[in-house]
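The report below moves from the helical framework to the nonpolar core, then to the charged pairs and to single residues in loops and on the surface.

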Amino acid sequence: MKIDYKKIGKRISKRRKELGLKQYEVCEMIDVNYKYLSNLETGRSAPSLELIMNLCDVLQTTPNYFLIGTSFESHYDKDITSKITSLSDEHKYVVSEMIRLLLNIENNEI
């Protein structure tokens with residue numbers, strides 16, 4: 001899977017603008033210089049994982065939004081996660097295999 005840094009940059013820029021923040025304001029909040037944020041938003045620089053997490057905090061979103069374009073966890077995501085967390089490792093494996101099977105069906109691979 002190839003990472004599209006231009007798309008990531010556009011999402012960072014879009015979210016910043018949605019919150020009414022200027023680049024310099026975000027730079028001050030995450031302690032980076034203006035040129036670096038500009039390069040991130042245009043896809044000329046690749047953000048580190050730490051920077052992605054800092055941006056998520058400041059821009060009130062999730063890493064999924066920046067990396068793959070999905071904004072917030074759905075109700076189902078949270079519900080499923082909370083249920084799976086309490087399972088034994090053996091049962092987590094079963095659930096994982098069931099999900100894999102469903103994904104294969106959804107992608108017409110079966």
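Helices (DSSP runs of H or I with at least four residues) and strands (DSSP runs of E with at least two) are numbered from the N terminus. This is a predicted model, in which local features need pLDDT of at least 70 and side-chain atom pairs count only at pLDDT 80 or more, while totals for chains, interfaces and linings use all residues. Residues are numbered from 1 along each chain as its sequence is written, and side-chain values use heavy atoms, with hydrogens and water left out.

## Nonpolar core

A nonpolar core is understood here as a set of buried Ala, Val, Leu, Ile, Met, Phe, Trp, Tyr and Cys residues joined through side-chain atoms within 4.5 Å. Buried means under 20% relative accessible area, exposed means over 50%, and partly exposed covers the range in between, with a 1.4 Å probe and protein chains only. The largest nonpolar core has 17 residues, and Ile12, Val26, Ile30, Leu37, Leu55, Leu59 and Phe66 are those with the most contacts inside it. At least two residues of this core come from each of helix H1 (5–18), helix H2 (23–30), helix H3 (34–42), helix H4 (49–58) and H5, and H4 gives the most, with five residues. In soluble globular proteins, nonpolar side chains tend to be buried together.

Contact means heavy atoms within 4.5 Å. Not counting residues up to four places away in sequence, isoleucine 30 touches Leu51, Asn54, Leu55 and Val58.

## Salt bridges

A salt bridge is a side-chain nitrogen of Lys or Arg within 4 Å of a carboxyl oxygen of Asp or Glu. The structure holds four salt bridges, among them the three listed here.

| Pair | Closest N to O |
|---|---|
| Lysine 14 and glutamate 18 | 3.9 Å |
| Arginine 15 and glutamate 18 | 3.0 Å |
| Arginine 16 and glutamate 41 | 2.7 Å |

Which residues are linked in a network of salt bridges? The network consists of Lys14, Arg15 and Glu18. Lysine 14 and glutamate 18 are separated by about one helical turn because they are four residues apart in helix H1, and glutamate 18 and arginine 15, three residues apart, also both lie in helix H1, about one turn of the helix. Lysine 14 is partly exposed, with a relative accessible area of 48%, and glutamate 18 is partly exposed at 46%, whereas arginine 15 counts as buried at 13% relative accessibility.

Glutamate 41 lies in helix H3 and arginine 16 in helix H1, so their pair ties together parts that are 25 residues apart in sequence. Both glutamate 41 and arginine 16 are buried.

## Glutamine 23 and serine 45

Glutamine 23, placed in helix H2, is buried, with a relative accessible area of 13%. Leaving aside neighbours within four places in sequence, glutamine 23 is in contact with Arg16, Tyr34, Leu37, Ser38 and Glu41. A polar contact (a pair of N or O atoms within 3.5 Å; within protein, one must be able to donate a hydrogen and the other to accept it, and residues adjacent in sequence count only if both atoms are side-chain atoms) of 2.7 Å joins the side chains of glutamine 23 and glutamate 41. The C-alpha atoms of glutamine 23 and lysine 7, which are 16 residues apart along the chain, are separated by 17 Å.

Is serine 45, in the loop between H3 and H4, buried or exposed? Serine 45 counts as buried, at 17% relative accessibility, and, not counting residues up to four places away in sequence, touches Tyr5, Tyr36, Asn39 and Leu40.

## Positive phi values

Most residues other than glycine have a negative phi. Aspartate 31, which is not a glycine, has a positive phi of about 60 degrees; this residue is placed in the loop between H2 and H3 and is exposed, with a relative accessible area of 70%. Glutamine 60, likewise a residue other than glycine, has a positive phi near 50 degrees; glutamine 60 lies in the loop between H4 and H5 and counts as exposed at 52% relative accessibility.
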